[in-house]
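The questions that follow go through one protein chain step by step, from its overall make-up to its empty spaces and a few individual residues.

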Amino acid sequence: MSKLTKNQKSVAEKVEAGKAYTLEEASKLVKEITTTKFDASVDVDVRLGVDPRKANQMVRGVVSLPNGTGKVTRVLCLCTPDQEAAAKEAGADYVGLDEYVEKIKGGWTDVDVIITMPSCMGKLGPLGRILGPRGLMPNPKIGTVTMDVAKAVKEVKQGKIDFKVDKAGIIHTSIGKVSMTPEQICGNAKEFISTVIKLKPAAAKGTYIKSIFISSTMSKGVKIDPKSAE
């Protein structure tokens with residue numbers, strides 16, 4: 001059996017096995033146990049008591065994090081010429097239509113979010129095989145297909161994220177960076193978790209929130225008491 005490193009020993013001493021911490025305590029702990037030299041992402045994993053295979057138990061939504069994501073989100077806005085100026089002013093990194101459709105066909109996907117208009121979706125249909133697997137396909141359900149592209153761009157730049165339960169019944173998302181204060185991490189996590197709670201499907205029976213863990217890139221997960229996040 002391999003020996004624990006100095007950092008691993010330190011983490012083991014700080015995080016009590018099996019203990020469920022309050023959201024405030026966990027937000028402080030995740031900073032203390034992160035030993036990476038880069039600004040690691042802070043992730044939240046919520047295990048739900050739902051069956052994602054059933055359409056009436058799918059949990060999907062969007063949330064605007066009050067303290068932002070802590071990272072630069074590259075936004076491509078595919079819109080008609082009359083909307084380009086507004087999209088640029090709202091903070092879109094790339095704005096246009098036909099030229100970017102061609103670039104994507106050539107394999108370019110160097111963005112984090114794509115926002116477009118309903119009238120432009122016809123041109124994006126053939127790009128589904130490229131954008132779909134990367135989670136970049138615009139979707140009206142998460143607000144990335146809209147008539148008000150400027151508003152959508154602004155919201156994404158300010159910290160709006162989308163999430164969806166996976167096949168195992170878990171929602172995994174990043175809610176910030178380790179460089180944030182514990183209060184900022186806690187505020188973002190609380191907003192995210194409360195949004196998930198509000199989206200409980202009527203068809204879901206039994207315990208809805210089974211477990212919540214917060215962690216950073218490559219760090220140990222810290223268990224959260226669900227009641228402290230309500």
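Q: In this predicted model, what share of the contacts with a separation of 6 or more is accounted for by residues 24 or more positions apart?
A: The model is a predicted one, and its chain has eight helices and nine strands. The C-alpha atoms fill a box of roughly 60 × 45 × 35 Å along the principal axes, and of the 230 residues 44% count as buried. Among contacts with a separation of 6 or more, the share that falls to residues 24 or more positions apart is 74%.

Q: Which element gives the largest share of the largest nonpolar core?
A: The largest nonpolar core has 37 residues, and Leu48 and Phe192 are those with the most contacts inside it. Elements that give two or more residues to this core include helix H2 (23-32), E1, E6, E7 and helix H8 (182-198), as well as strand E8 (209-216) and strand E9 (222-224). The largest share, six residues, comes from H8.

Q: How many residues does the other core have, which lies apart from the largest nonpolar core?
A: In soluble globular proteins, nonpolar side chains tend to be buried together. Here a core lies apart from the largest one, with Cys77, Val101, Leu136 and Ala152 among its members. The number of residues in this other core is 27.

Q: Is Val59 buried or exposed?
A: Val59 lies in the loop between strand E1 (41-48) and E2. Leaving out residues up to four places away in sequence, Val59 touches Leu48, Val50, Phe163, Lys164, Val165, Ile171, Leu199, Pro201 and Tyr208, and the contact with Leu48 also appears in the list for Leu48, which includes Val59, Val165, Ile171 and Tyr208. Because its relative accessible area is 1%, and the cut-off is under 20%, Val59 counts as buried.

Q: How far apart in space are Val59 and Ile170, C-alpha to C-alpha?
A: Val59 belongs to the loop between E1 and E2, whereas strand E7 spans residues 170-177. In sequence Val59 and Ile170 are 111 residues apart, while in space the distance from C-alpha to C-alpha is 9.7 Å.

Q: Which element gives the most to the lining of the largest pocket?
A: About 780 Å³ of space lies in the largest pocket, and of the 30 residues that line it, Asp112, Val113, Gly135, Ile142 and Asp162 are the closest to its centre. Two or more lining residues come from each of strand E2 (60-64), strand E5 (113-116), helix H7 (149-158), strand E6 (160-164) and strand E7 (170-177). The lining divides into 13 nonpolar, nine polar and eight charged residues. With five residues, the element that gives the most is E6.

Q: What is the volume of the largest cavity?
A: A search of the whole structure finds one cavity of 30 Å³ or more. Ser41, Thr69, Lys71, Ser174, Ile175, Gly176 and Lys177 form the lining of the largest cavity, which divides into one nonpolar, four polar and two charged residues. E7 supplies the largest share of that lining, four residues. The volume of the largest cavity is about 40 Å³.

Q: Which residue has the backbone nitrogen that lies 3.0 Å from a polar atom of the side chain of Thr146?
A: Thr146 is found in the loop between helix H6 (128-131) and H7. Apart from residues up to four places away in sequence, Thr146 touches Ile115, Thr116, Met117, Pro118 and Ala152. The backbone nitrogen that lies 3.0 Å from a polar atom of its side chain is that of Asp148.

Q: Why does helix H3 lie largely in the open, and how many of its residues are buried?
A: Helix H3 covers residues 81-90, and just after H3 Gly91 takes a positive phi of about 115°. H3 lies largely in the open because, of its 10 residues, the number buried is one.

Q: Which residue has the backbone nitrogen that the side chain of Ser219 reaches at 2.8 Å?
A: Ser219 lies in the loop between E8 and E9, and at 19% relative accessibility Ser219 counts as buried. Not counting residues up to four places away in sequence, Ser219 touches Val30, Ile33 and Thr34. The backbone nitrogen reached by its side chain at 2.8 Å belongs to Ser216.

Notes:
Residues are numbered from 1 along each chain as its sequence is written. This is a predicted model: local features need pLDDT of at least 70, side-chain atom pairs count only at pLDDT 80 or more; totals for chains, interfaces and linings use all residues. Side-chain values use heavy atoms; hydrogens and water are left out. On a 1 Å grid over the protein atoms alone, a cavity is a set of points where a 1.4 Å probe fits but cannot get out, and a pocket is an open set with protein on both sides within 12 Å along at least five of seven lines; lining residues have an atom within 4 Å of a point. Grid points are joined across faces, edges and corners, and a volume is the space filled by probe spheres set on the points. Ala, Val, Leu, Ile, Met, Phe, Trp, Tyr, Cys and Pro count as nonpolar, Asp, Glu, Lys and Arg as charged, and the others, Gly among them, as polar. A polar contact is a pair of N or O atoms within 3.5 Å; within protein, one must be able to donate a hydrogen and the other to accept it, and residues adjacent in sequence count only if both atoms are side-chain atoms. Contact means heavy atoms within 4.5 Å. Buried means under 20% relative accessible area, exposed over 50%, partly exposed in between (1.4 Å probe, protein chains only). A nonpolar core is a set of buried Ala, Val, Leu, Ile, Met, Phe, Trp, Tyr and Cys residues joined through side-chain atoms within 4.5 Å.
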